[in-house]
Amino acid sequence: MSENKKLWSGRFEKTTDEMINAFQASIDFDKRMYHEDIEGSIAHARMLATQKIISDDDCSKIVEGLKKILAQIENGEFNFDIALEDIHMNIEKALTDDIGEAGGRLHTARSRNDQVALDTHLYIRRQVVEVQKLIVAVEKTLVKAAEKYRSVIMPGYTHLQRAQPILFAHHLLAYFSMLERDFERFSGVYQRADIMPLGAGALAGTTFPIDRQQVAKTLNFKKIYSNSLDAVSDRDYILEFMSAASILMVHLSRFSEELIFWCSREFSFIELDDAHCTGSSMMPQKKNPDVPELVRGKTGRVIGHLMALLTTVKALPLAYNKDLQEDKEGVFDTIDTIKFSLAVYAQIIEGLKVKEDNMMKAVEEDFSNATDLADYLVKKNLPFREAHAISGKIVHDCIARNIYIKDMKIDDFKKYSDLFDEDVKEAIKPETCVANRNSLGGTSYRQVEKQIVNARELIVKQENLIKKGQ
């Protein structure tokens, strides 16, 4: 299109170079905010009419025209023009072409600076809710799996070395706790996004008698920016979103790592559903955990977007700078990535099968009951450090004899301490080791049942919070 059709071209004599047009245009990615842009423009137009800044007739034409454009976009009938740079100018130009002079009044008392800030606030707020719904869906599958495998015992690890027996359900619920914190972090993001920037103008407010409270109420914002410079330059809420997304992806990546380990032949603790794996083009025996691997890989991508935006805003002077256009591609890709990752993880957890016998065998054929052996002596009034030393010597000697603690006879135990009695055999069984860890938050059967009940209650609260709109 010719330059004189650009809505800001009055001050310019030369047309913008086509390469520059392509370089600075954001329409290819920010067009996804069309709904927010139209919603914000309708609220703005109605406020202008209420304040007698534009006529009611012009307002009606603007609102009807914007609704018509909304329908065109949603029906795939709208032609986005790169020469118009962004979603805001594309919609405004189409509106003006359709309704004439009234369309040119829509931008009264508004800048693209506070307009794009409004769109992004609305968009992030909506995406937070969608992400939280997906988090809850994964939480539900974790709780369901924990209930299904509530009595399965597996080795707990530190340093990737077998440490102590735990319930598999306890391990799953650890990830539930991580997702619980993720949900809370996104609630915090919602609060920081729930601030209305429109009315800040380009940076200093406006000379028109606008009513920012009316717009905020129409768009369901709880707060309004108190400083116009901050309103158009603030990207904290986007940084917080990307930070929360990065932590969420780190949690999924850690889980991915364990699933990849567990479904290997070396562990053989679980099997992923065939529908969630792929094969090899060369090796016919392969069943590859591609989805967890991709989630693990995409974590770096999300973290990279956060680092990129932090770097972008770290030295920006107030107020708006074109650099801030770089806030969108990264956050859009982050949103797509975390939503897809959460959706596939709900399916993966739902479809995995636990190899209970292999998990129990791993617990029985190791020395993860050594701490319980020491605790046995402590409960007979031996200082823990002495008990620890005795238990360590027993482990050392068992390794030399190629046996496990459970294989020892009572006479073997008594060589190390007279405090050992026949009941030691019961004390070091995996089931006993698990059951005895009944401290709050521990892995005992009773504690895990409490965790399941608490998790289900929390999910109800989270769903109610989503329904109420935070």
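# Exercises on salt bridges and backbone geometry

Arg437 has a relative accessibility of 16% and so counts as buried. The model behind these exercises is predicted.

**Exercise 1.** Find which residue forms a salt bridge with Asp372, and state where the two residues lie.

*Solution.*
- Step 1. The partner of Asp372 is Arg437, and their closest N and O atoms are 2.7 Å apart.
- Step 2. Asp372 belongs to helix H15 (residues 370-378), whereas Arg437 sits in the loop between helix H19 (430-436) and H20, so the salt bridge ties together parts 65 residues apart in sequence.
- Step 3. Buried means under 20% relative accessible area. Asp372, at 8%, is therefore buried, and Arg437, at 16%, is buried too.

**Exercise 2.** Locate the salt bridge between Asp333 and Arg301, and classify Asp333 and Arg301 by accessibility.

*Solution.*
- Step 1. The closest N and O atoms of Asp333 and Arg301 are 2.7 Å apart.
- Step 2. With Asp333 in helix H13 and Arg301 in helix H12, the pair ties together parts that are 32 residues apart in sequence.
- Step 3. Partly exposed is the class between the cut-offs of 20% and 50%. Asp333 has 18% relative accessibility and is therefore buried. Arg301 has a relative accessible area of 41% and is therefore partly exposed.

**Exercise 3.** Describe the salt bridge of Glu147 with Arg456, then place it among the salt bridges of the model.

*Solution.*
- Step 1. Between Glu147 and Arg456, the closest N and O atoms are 2.9 Å apart.
- Step 2. Distant parts of the chain are linked here: Glu147 is in helix H7 (residues 112-148) and Arg456 in helix H20 (residues 445-467), 309 residues apart.
- Step 3. Glu147 counts as partly exposed at 24% relative accessibility, and Arg456 is partly exposed at 36%.
- Step 4. The model has 30 salt bridges by the rule used. Salt bridges also link Glu36, Arg126, Glu130 and Lys339 in a network.

**Exercise 4.** State which residues gather in a patch of negative charge on the surface, and check the exposure of Asp323.

*Solution.*
- Step 1. The patch consists of Asp28, Asp323, Glu326 and Glu329.
- Step 2. Asp323 is placed in the loop between H12 and H13.
- Step 3. A patch residue needs over 30% relative accessible area and no salt bridge. Asp323 has a relative accessible area of 37%, so this residue is partly exposed.

**Exercise 5.** Work out where the cis peptide bond between Leu318 and Ala319 falls, and why such a bond deserves a note.

*Solution.*
- Step 1. Leu318 and Ala319 are joined with an omega of about 10°.
- Step 2. Ala319 is in the loop between helix H12 (290-313) and helix H13 (327-351).
- Step 3. The bond is noted because most peptide bonds are trans.

**Exercise 6.** Give the setting of the positive phi at Asn220 and at Asn402.

*Solution.*
- Step 1. Most residues other than glycine have a negative phi.
- Step 2. Asn220 is not a glycine, yet its phi is positive, near 60°. Asn402, also not a glycine, has a positive phi of about 60°.
- Step 3. Asn220 is in the loop between helix H9 (212-218) and strand S4 (223-224). Asn402 is in the loop between helix H16 (384-401) and helix H17 (410-414).
- Step 4. Exposed means over 50% relative accessible area. Asn220, at 58%, is therefore exposed, and Asn402, at 72%, is exposed.

How values were computed:
Residues are numbered from 1 along each chain as its sequence is written. This is a predicted model: local features need pLDDT of at least 70, side-chain atom pairs count only at pLDDT 80 or more; totals for chains, interfaces and linings use all residues. Side-chain values use heavy atoms; hydrogens and water are left out. Helices (H or I, at least four residues) and strands (E, at least two) are DSSP runs, numbered from the N terminus. Buried means under 20% relative accessible area, exposed over 50%, partly exposed in between (1.4 Å probe, protein chains only). Patches are made of residues with over 30% relative accessible area and no salt bridge: like charges are joined within 9 Å, nonpolar side chains (Val, Leu, Ile, Met, Phe, Trp, Tyr) within 5 Å. Accessible areas come from the Shrake-Rupley method with a 1.4 Å probe; for residues, only the protein chains shown count as cover. A salt bridge is a side-chain nitrogen of Lys or Arg within 4 Å of a carboxyl oxygen of Asp or Glu. Lys and Arg count as positive and Asp and Glu as negative; His and the chain ends are not counted. The place of a charge is taken as NZ of Lys, CZ of Arg, CG of Asp or CD of Glu.
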